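Welcome! Let's take a friendly walk through a protein model, starting with the whole chain and then visiting a few of its residues.

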Amino acid sequence: MAAPRFHELEIAAVRNETPDAVAITFAIPGDLDETFAFVPGQYLTLRADIGGQDMRRSYSICSPLEQTGRRTVGVKHIENGRFSGFAQSLKPGDRIQVMPPQGRFTAQIGGDHDYLLLAAGSGITPCLSIARSVLAGEPGSSVTLLYANRNSASVMFRDDLNDLKDRYTTRFTLLHVMDEEIQDVEIMNGRLDAAKLETLASHGLIDPKSADAIYICGPEPMIRSASTAMLGLGVDRDRLKFELFTPAPGAAPAPEPKPASGIKHGAAVEIILDGARRMITVDAEADTVLTAAMRAGLDLPYSCAGGMCCTCRCKIVEGTATMDENFSLEPWEIAAGFTLACQSRPTTDKLVLDFDAQ
Ligand code: FES
């Protein structure tokens, strides 16, 4: 299978969600309908030249599964975030490079399930797509969505969430947690952390143990805290899914090829991409495979460059490599030889990486 490639799409609509967040809707031409088919929970990677720098960022799709000819993503402005600032300036009629849907924070629709969705801030975006798609496509399923924000002004997709509440009164439960605004129900005030989740569970407002699947999406501290709480409440690890938006405050930086080090002998790395083979040299002390490939003018698929999105996933078919970070590959993928090019540094003189392997 070919590695994902960018396509130029036209922006059909832009809607302000909060003072610092917008929903951007792309028009999908009929001939790209299949290419842009998605599973609820996946994201799109946008690409633009900003100030002479090739920049990419991933934004989760909030569209329901049944939406045709359109895909909508939510973009929240990040302080000093060059791409999110640029994205906020987009308007209908603009055209931008978009990679087809990616990601494994997904819900395959079908059957009867109880879902628990834990979202913070813009982490609501994939959870909204999952909630909409489950409620419409699984008539016997229920969804509880716990959504954390600073205050009501920072709640994204408020109208869409209220619409779901009105349409699915018995199957959809929406709970807001806010830490800068006092709500009537005391227990819903404060941060969404492990203590809060344990308290909510002890009061029966959420029931993690009976949930078939628990999706957690937000900043890294919230994910770590919520995951710990869920495991502590007796949830099996294989029922937990999480989507890391940023490993630390701020967006992951675009990979900057570093100056070449003084090491003369780098590893010979063969890249298999779209059926073609290219050789590059990677000095593991100075470069990851991705930054070395960029220096060599090779256009590898990538998005976050931070080990989070898996867009740069490839398979080691010869040699070995280490990863600086890995927030996205599953243990079975690593066992099967997959790695992340944005994090990989060769540990053998020769390394062969297949980006076409699935
Ligand atoms: S580009 Fe996102 S994990 Fe490598």
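## The chain as a whole

For a chain of 358 residues, a compact globule would have a radius of gyration near 21 Å, and because the protein chain has 21 Å, the two agree. Keep in mind from the start that this is a predicted model. Along its principal axes, the C-alpha trace spans about 65 × 45 × 40 Å.

What is the chain built from? The protein chain holds 7 helices and 18 strands. Of its 358 residues, 42% count as buried. If you look at contacts with a separation of 6 or more, 70% of them join residues that are 24 or more positions apart.

## How confident is the prediction?

The average pLDDT of the protein chain is 91, and 93% of the residues score at least 70. Among the elements, β8 has the highest mean pLDDT (98), while strand β11 (residues 240-244) has the lowest (87). For residues 247-253 the pLDDT is below 50, and this stretch has 21 contacts in the model beyond near neighbours in sequence. Residues 258-263 also have a pLDDT under 50, with 10 contacts beyond four places in sequence.

## A helix with two faces

Now find helix α4, which covers residues 194-202. Which of its residues are buried? They are Lys196, Leu197, Leu200 and Ala201. These residues lie on the same side of α4, because they cover an arc of only 135 degrees around the axis. The face turned away from the buried side carries the exposed residues Ala195 and Ser202. As for what covers the buried residues of α4, β9 (172-178) and α5 (220-232) are included. Just after α4 comes glycine 204, with a positive phi of about 75 degrees.

## Two residues with positive phi

Next, meet two residues that have a positive phi without being glycine: phenylalanine 157 and aspartate 274. Here they are side by side.

| Residue | Phi | Loop | C-beta atoms within 10 Å |
|---|---|---|---|
| Phenylalanine 157 | near 55 degrees | between β8 (142-149) and α3 (158-167) | 25 other C-beta atoms |
| Aspartate 274 | about 55 degrees | between β12 (267-273) and β13 (276-282) | 11 C-beta neighbours |

Is phenylalanine 157 buried or exposed? Phenylalanine 157 is buried, because 25 other C-beta atoms lie within 10 Å and 20 or more are enough to count as buried. Aspartate 274 has 11 C-beta neighbours inside 10 Å, so it counts as exposed, the cut-off being 12 or fewer.

## A residue in strand β1

Our last stop is isoleucine 11, which sits in strand β1 (residues 7-18). How many C-beta neighbours does isoleucine 11 have inside 10 Å? There are 17, so isoleucine 11 counts as partly exposed. That label fits because the number falls between the cut-offs of 12 or fewer for exposed and 20 or more for buried.

Which residues does isoleucine 11 touch, not counting those up to four places away in sequence? Its partners include Ile24, Thr25 and Phe26, and also Leu90, Lys91, Pro92, Gly93, Asp94 and Ile96. You can also look for proline 29, which is 18 residues from isoleucine 11 along the chain. The C-alpha atoms of isoleucine 11 and proline 29 are separated by 11 Å.

Key. Residues numbered from 1 in each chain as written. Predicted model: local features only at pLDDT ≥ 70, side-chain atom pairs only at ≥ 80, totals over all residues. Helix = DSSP H or I, 4+ residues; strand = E, 2+ residues; numbered from the N terminus. Rg over C-alpha atoms; globule rule 2.2 N^0.38 Å. Contact = placed C-beta atoms within 7 Å. Arc of directions from axis to C-beta. pLDDT = per-residue confidence, 0-100.
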